[in-house]
Amino acid sequence: MAAIKKSKTLRLLTAAALALPLTTIYASDEEATFQYGHYEDGARNLFNAQSGLKPIQVDSIQTSTKLKLSDRVRLAFNYTQDTWSGATPITTAPLAFGGNRQRQISANVLSGASPYLQNKNVFVDSQFNLLQQNAKTSKYTKNKQLVHTLSSASPETRKQGDLRFGYDWDEASLDVGAGTSAENDYNSSFGNVSGRLDFNQKLTSVNFGASYTASENESMLDHDAAPYIEKSTFGTKVTSLPNGVKLLTGSKQDWAGSLGLTQVLNKSALMEGSVSYTTSNGYMANPYKTMAVLFVDPTQKAGKDGQLNGSMLAFLEQRPEERQQWTENLRYVQHIDALDAALHLDYRFYHDDWGIQAHTISGDWIQPLGDGWSMTPRVRYYSQNAADFYAPYLVSKQAANKVTFDAGGNPVKTDYNPKLLPQNYSSDYRLSGYGALSGGLTVTKKFAKGLEIQAGAEYYTHAGSLKLGGGGEGNYTDFDGYLVNAALKVDLAALSTANSNHREHSQHSQHAHHHGAGVPAGVMFDHVLPNAGDVMVGYRYMYANQAGNTQNGSNTVTNSALVNQACAPQKCYVTPSEMSMNMHMLDLMFAPTDWLTLMLMPQFMDMHMTMRPLDGAPATPAMTTALGSAIIHAGRHEHTTGGLGDTGIYALFNVFKTDSQQINVSLGGTAPTGDAEIQLRDTHRQDLGFIHYGMQLGSGTWDFKPAVTYTGNIDDWSFGAQLNGTKRLESHNKAGFALGDIFQATTWGSYSWTNWLATSVRGVYTLQGSLQGAYRGTYHQIGAMDYGRNYGGRFVDVGFGINASMPNGSLQGNRLSFEWLQPVSDDVNGYQLPREGALSATWSYAF
Amino acid sequence: MSRFKKGAFFFCLLFLSGCSSVSPWERGTLAKAHMSLEPAPLQNSLRTHQYGSREAASGGGAAGGGGCGCY
């Protein structure tokens, strides 16, 4: 009898284990994740030259949601957003050329200058080494040291979204996905299909995939650099727009395919081998990189110190229009039984028809520490050799321009012959020979209810001397950088399981979404967690837009009024035509005791602003003045900023409660984690200084934000009201200003149509003071948005909301709500763009 | 024989040798989260993006992604 029972258990276990596909065994089918990442380059070695430019930094946010539409159908949505700003190498030149120059603004202030790319009067020795002339002795000395020339960019943002459907059979799966990525100057769309076939009782799986990507590039050449770049070469499409902007266009297609085999080696090891191939054609160069070419006429007569005369010109880099890439990957995972650790070893060999071969090897040791904690140290080594067409700079033995005389004694000007230059060339350090070593540590904590948080840091160092087998690029290319990330993962399936197990003991999750059923998406601080140990995780998104004709108070004004009054006593030159803001917020709530709920709210922002020149404005000053430069720049470019915003920290208490009514008080505020000192990059060799106040990512001050909220419900109706405020706790931030204080009153009513759907109507009154103080440091007041008095006002909005909460099923406890706030009345301080509306969307899960 | 074919041949050899049969009830260890081939997909995507912006041998996966991230 016992034997039969045992074999039955065994059969059940076998069936259960066999149902698990090997390669997706571990991934949860239903989860929501959020990640913030920050990457920053270290300073480059400029060999005593000064550039005064900040190295590049990148802020990224990623969210993803995976859901199961049925037993076999999966749906995943991913969204990624990167914002970057700072300096990277535009080219490489001998140190003697002096590409990096810092500009003296005043006796004590130096500013990062524009890159110096062209000089038609340089001196070289007979071996074509660039010579440096001593200013005092007039003597020439050889200096073979190379150095990157740095160039800086104002903030830019990339956004990418993709959607993926999957279908699972018992021993196979198929996924189909598509997405799109958008930047100011680069858009791409992609589609992909991938699948898996299991064999041999799922000990073996075959994986395959194919993808197609189409990209369009429309880059505005750096207007500081453009006049000094030779653009007429080799088919690169550069057109001039009427406003003088040089636009480079190109398109690119990539096809890729991969095939892999996953094999369980024994009960504690598995391995995967895969190969992939990508073929690309089209424009693959980087529009912001140039190649320095030294032209020397070898037939000329040497000077008295043996020096020859030459010209250094900059060319847009030229990469082949085709590329074939192959990679071979091996991944090995070994369980270390004694420590319950997992060792992951990956090796990748990459090669392409540009002549690059690269080896990557990495090792991760995942060590569980008990109580849900785990720690992962990691090491990675990467090495590549240089592309065939890579060179730090080129020497061309011909004159850049030559004047000869014809038979009649008339001067004849001849330019260089481009056919004497190589067909392809790039000085991008990423195509040079080098090695990169990185190491990092990740710490993960898993909470019982399916919540996981992770924090990681990795240090990265790039050096020519680290190249496998030696022979890498000189140490002028060396740099280091670091990458940090923080992630939150909610396992939705585990949550609902935990919830259903809990239901008999606690009704709070149902209560939580019952009483929250009618609260509009745009309202925060409306509820507390009722029991010690309760956790709520949420995500809030807000979009707000301003556009139309500028108002003074509640009245639309004419261009001439704007020009003459909005910037008085100066004149306005431009006016905003559209401003928009996206905010992503994480809403993390935890109740350490029954009477207190703590709330942490990190925020991530991005902002956009377009401006138009004002008719009737005074003549724009010359581009060689800072003001003129700022005005011209504003008329040509959309201004963008993005990254981490201020971080909210709150304590919430319930002060009054009956069966159908309650009053909650929230005390707390925001810490100034958002950057309030963002500056525009130098343009036309002018320091443009701080960007417009409204484009800063944070207030820059510690802000106190109290709120008191009343909520109640009768039958299917619920209602509420809230008073909240924002008091700046400092008179000015580091940049020199403080945003105005805010007072807001709001009230709403909602009706539940079913047990899962409710709609709401809300009224909002907002009063905000004007901006106090002003930037300390360079900034140019070119429009109304550059004056503190043109901020704040009195605003009335009506909100329409829809709320859905999942009463049962695997997504039980999830709440999703949307609200559109429609402006009814704008009475602005000074001169401002009217608001067009705001959208709020929230997802939350209480457990 | 091209490098590609050699590589493929090498993988096949490797897989065909040294594999023992693992009964379904012996797969408890393999099913642990940290034994996944991709234990931290989110973090990995961030890293891949950073490496891709600093190294020539980017990509190589067929999953596909767009964008330049030309920094």
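**Exercise 1. Identify the side chains of A:Asp340 and B:Lys32 as partners, and place their pairing within the interface of this predicted model.**

Solution. Start from the pair itself: A:Asp340 and B:Lys32 join their side chains in a salt bridge, with a distance of 2.8 Å from N to O. This distance can be set against the cut-off for a salt bridge, which asks for a side-chain nitrogen of Lys or Arg within 4 Å of a carboxyl oxygen of Asp or Glu. Next, widen the view to the whole interface of chain B and chain A, where the rule finds five salt bridges. Polar contacts are counted separately, and across this interface there are 24 residue pairs of that kind, with both residues at pLDDT 80 or more.

**Exercise 2. Describe the side of chain B that touches chain A, by element and by residue class.**

Solution. Begin with the helices: in chain B, α1 (3-16) and α2 (41-52) each supply at least two residues of the side that touches chain A. Of the elements, α2(B) gives the most to this side, contributing eight residues. Then sort the residues of this side by class, which yields 26 nonpolar, 20 polar and eight charged. As for extent, the contact draws 54 residues from chain B and 102 residues from chain A, and the area buried between the two chains is about 6300 Å², with carbon and sulfur atoms giving 62% of that area.

**Exercise 3. Locate the nonpolar patch on the surface of chain A and state which strands supply it.**

Solution. First list the members: A:Tyr167, A:Trp169, A:Leu174, A:Val176, A:Val193, A:Leu197, A:Phe199, A:Phe208 and A:Leu259 form the patch, and together they have about 780 Å² of accessible area. Then assign the strands of chain A, among which β9 (146-169), β10 (172-182) and β11 (186-199) each supply at least two residues. The largest share, three residues, comes from β11(A), and A:Val193 has its place in that strand.

**Exercise 4. Find how the salt bridge between A:Glu31 and A:Lys66 relates to the chain, and examine two backbone features of chain A.**

Solution. Over all chains, a search of the whole structure finds 33 salt bridges. One of them is formed by A:Glu31 and A:Lys66, whose closest N and O atoms are 3.7 Å apart. This pair links distant parts of the chain, since A:Glu31 lies in strand β1 (residues 31-41) and A:Lys66 in strand β2 (residues 57-68) of chain A, 35 residues apart.

Turning to the backbone, the peptide bond from A:Ala568 to A:Pro569 is cis, with omega near 5°, and A:Pro569 sits in the loop between α4 (559-566) and β32 (574-593) of chain A. Finally, A:Gln201, a residue other than glycine, has a positive phi near 55°, and A:Gln201 is found in the loop between β11 and β12 (204-220) of chain A.

Technical notes
Residues numbered from 1 in each chain as written. Chains lettered and ligands numbered in written order. Predicted model: local features only at pLDDT ≥ 70, side-chain atom pairs only at ≥ 80, totals over all residues. Heavy atoms only, no water. Contact = heavy atoms within 4.5 Å. Buried area = accessible area lost by both parts, 1.4 Å probe. Polar contact = N/O pair within 3.5 Å; in protein donor to acceptor, adjacent residues only side chain to side chain. Helix = DSSP H or I, 4+ residues; strand = E, 2+ residues; numbered from the N terminus. Nonpolar A, V, L, I, M, F, W, Y, C, P; charged D, E, K, R; others polar. Patch = residues over 30% accessible without salt bridge, like charges linked within 9 Å, V, L, I, M, F, W, Y side chains within 5 Å. Areas by Shrake-Rupley, 256 points an atom, 1.4 Å probe, with all protein chains shown as cover.
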